[in-house]
Amino acid sequence: MKEPFYSIACWAIRLSPILFMGVAWLLYHYRFPRSKKKKVWIVLGIGYLTGVLSVWIYWDFAASYAPTEEIADEILSKDGAPQVFAPFVMPIFVGIYFAFMWPITWLVTRICPRKELAPGNPQP
């Protein structure tokens, strides 16, 4: 894989938990407006799962599709500690991701408020 595409793909894999958390937050906000506490736990759960998976996928992708053999050898020479410790350390990163994501999703929900349903009308 060529260098610019390799770097872009690596960064996309690294940032995917933030994207998935934001999308889950907005979908839950607009589709299920009554449950607020569940929203936070579901978004954090999605962030945790996508975070752990993104670490594992990143290490596999970075080694398999490295643009040069030197980069692949450097990645393979590392001890793999991020893959082993990702499930234990990911809650810290998910909290940081959530802190960054919260103002953005709050702003989006204020710019595009959900349409409140009239009493007696069924939910779409």
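**Exercise 1.** Are Tyr6 and Phe61 buried or exposed?

*Solution.* Start with the ground rules: this is a predicted model, where local features need pLDDT of at least 70, side-chain atom pairs count only at pLDDT 80 or more, and totals for chains, interfaces and linings use all residues. Residues are numbered from 1 along each chain as its sequence is written, and side-chain values use heavy atoms, leaving out hydrogens and water. Now the cut-offs: buried means under 20% relative accessible area, exposed over 50%, and partly exposed in between (1.4 Å probe, protein chains only). Both Tyr6 and Phe61 turn out to be buried. For Phe61, the relative accessible area is 13%.

**Exercise 2.** Work out how the rings of Tyr6 and Phe61 are arranged.

*Solution.* Rings of Phe, Tyr and Trp (its six-membered ring) pair if their centres lie within 6.5 Å; planes under 30 degrees apart are stacked, over 60 edge-to-face, and the rest tilted. By this rule there are 6 aromatic pairs. Tyr6 and Phe61 have ring centres 5.9 Å apart and planes at 15°, so they're stacked. Next, Phe61 also pairs with Tyr65, at 5.1 Å centre to centre and 35° between the planes, which is tilted. Put together, ring pairs link Tyr6, Phe61 and Tyr65 into a cluster. Tyr65 itself is partly exposed, with a relative accessible area of 45%.

**Exercise 3.** Find the charge that sits over the ring of Trp11.

*Solution.* Check the rule: NZ of Lys or CZ of Arg must be within 6 Å of the ring centre and within 35 degrees of the ring normal. The charged end of Arg14 fits, sitting 4.6 Å from the centre of the Trp11 ring.
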